Amino acid sequence: MYDVIIIGAGVIGCATARELSKYELKIKVLEKCSDVCEGTSKANSAIVHAGFDAKAGSLKAKLNVEGNRLMEGLAKELDFSFMRNGSLVLCFDENEREQLTKLLKNGISNGVEELKIIDKPELKTLEPNVSDKAIGALYAPSGGIVCPFNLTIALAENACINGVEFQFNSEVICIERLSSNGDGYYCLNTDNECFHAKLVVNAAGVYADRIHNMVSEHKMLLIPRKGEYCLLDKSVGGYVKSTLFQMPDKLGKGVLVTPTVHGNLLIGPTAEDIEDKEQITTTAPGLKKIAEKACKSAQALPLNKIITSFAGLRAHAEKDDFIIEEISDAPGFIDLAGIESPGLTSAPAIAKLAADLVLARIGAGQKFNFIPNRTGIKNFASLTRKEQKEMIKTNKAYANVVCRCELVTEGEILEAIHRPLGATTLDGIKRRTRAGSGRCQAGFCLPKTMEILARELKLDVKDITKSGGKSNIIL
Ligand SMILES: Cc1cc2nc3c(=O)[nH]c(=O)nc-3n(C[C@H](O)[C@H](O)[C@H](O)COP(=O)(O)OP(=O)(O)OC[C@H]3O[C@@H](n4cnc5c(N)ncnc54)[C@H](O)[C@@H]3O)c2cc1C
């Protein structure tokens, strides 16, 4: 019998697991994929939003601003990349000025600090490559960027060393409420196992409605809202320093142009409501739309430097706000649903709210031996010569560069495989070390990484997959 089972190992499930691991609780995370961060948390804009656009008084507004405040401390504790690069909402004509003022007022009432409207000369000084057509902007210095993989993996690793069990390749397909001696509990069934838990946290992303509907008569509907992106090469990563937004519309925050924490440039996303919760292909019209819209924000955008494209699905709830509550007709079953943007930003704050709901149900003392810190994999290429020599002395694998685009060594790949919740797939290696995420998109390092994975996991190279399941590379 677990005290708490969390369904889903995206940023929300992992943040909640980490927060709850501070208490004397027996916790398990069930994840249908083969690794953490395989859902929406892997494909988004990676912006730590300032919080000026969420409707005042909504959960999105409150948790966005709180999450933004918490992110910096969390990045220090858990050693993941985070930068406060500031964000700008561009205004292109006099008619938009009124909207800009509305956003400013909304941001102030949400508690966003240091927000201000800047004029064209100040905008040009901040961002020389911004479009000449922009006549001003709302400037939010507290806006930031983060690595969504590192954030999610860091939260999961830290939860794991603090006692949370993670079980992958385990899709929850049916849930029953049972009782023993008058105490209710839940039985969660996967294909071949059954787990019992006093409390359940539903952090299943776009599937949170299906999980909710397994236990409640009050049905929920989440609409997958697809967003497509293009990622540009590091040679143009410095094209803009801040995140450039356009005026938000009813489908979201619009197309942005932003640097990433790894030094690339990202443009996107589109916003299109679809039905299929697995449909994350990019489309020619979608990519064309992004290119056109992004070119409105930045001058002469170097679109010839695009190295890849991808798409993610927002879990859009009809009431357009996060749903964070115990289900009224399912005692002890807590929904963390409808977590679309700014969900990544809000994750640390959502986790605290989820922990409060759990602790209100099940009294648990704080763990005296909770380990708050975690150290990430050292990026060999960013070390000094002296430090690199020291690393090579400890392990010669650091002298073997596997991914030439991102300069990732075999030593880092070995660390990714052998740390808590280590990588077992090519995507797992990519997200932990960046091997394969550079200009050649793994064209060169793929076979080498496969060999290392096969050797270390004692598998046949044919069994190595891109991302688990049937995603084998060699057929
Ligand atoms: C296009 C786009 C842009 C965005 N940009 C930003 C941004 O810039 N800033 C920001 O703050 N937010 C942004 N977001 C929102 C943010 O990415 C999400 O809010 C966040 O990643 C949601 O995390 P999650 O853990 O709820 O979902 P997920 O990451 O999808 O995790 C849910 C997990 O549950 C698992 N699961 C599902 N069903 C089951 C089951 N039956 N059994 C077991 N496991 C199951 C899935 O496999 C998945 O791993 C964006 C989202 C999109 C799509």
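Select Phe-82 first: Phe-82 stands opposite Val-146 in strand E8. The model is predicted, so local features are taken where pLDDT is at least 70, side-chain atom pairs count only at pLDDT 80 or more, and totals for chains, interfaces and linings use all residues. Residues are numbered from 1 along each chain as its sequence is written, and side-chain values use heavy atoms, with hydrogens and water left out.

**The sheet around E8**

Extend the selection to strand E4 (82-83) and to E8 (residues 144-146). These two run antiparallel and are joined by 2 bridges; strands here are DSSP E runs of at least two residues, helices are H or I runs of at least four, and both are numbered from the N terminus. Two strands count as paired if DSSP finds at least two bridges between them.

Add strand E3 (47-48). The result is an open sheet of 3 strands in the order E3-E8-E4, with antiparallel pairing. E3 and E4 are the edges, each with a single partner strand, so one side of each has no neighbour in the sheet.

**Helix H5**

Next, select residues 148-161, helix H5. Its 14 residues should span 20 Å at 1.5 Å a residue, and the end C-alpha atoms are 20 Å apart, which agrees. The expected span is 1.5 Å times one less than the number of residues.

Colour H5 by accessibility: 11 of its 14 residues are buried, meaning under 20% relative accessible area (exposed is over 50%, partly exposed lies in between; 1.4 Å probe, protein chains only). Among the buried ones are Pro-148, Asn-150, Glu-157 and Asn-158.

What covers them? The covering elements include helix H1 (11-20), helix H2 (59-78), E8, strand E9 (165-167), helix H8 (343-361) and helix H11 (426-433), where contact means heavy atoms within 4.5 Å. Just after H5, pick Gly-163, which takes a positive phi of about 105°.

**Strand E13 and its partners**

Move to residues 222-232, strand E13, where 10 of the 11 residues are buried. Which strands pair with E13, and where should one click? Take them in turn:

- E18 (residues 306-317) pairs with E13 in the antiparallel sense over 11 bridges. Select Lys-226, which stands opposite Leu-313 in E18.
- E17 (residues 272-273) runs antiparallel to E13, with 2 bridges joining them. Select Arg-225, opposite Asp-273 in E17.
- E16 (residues 265-268) is joined to E13 by 3 bridges, also antiparallel. Finish at Leu-232, which stands opposite Leu-265 in E16.
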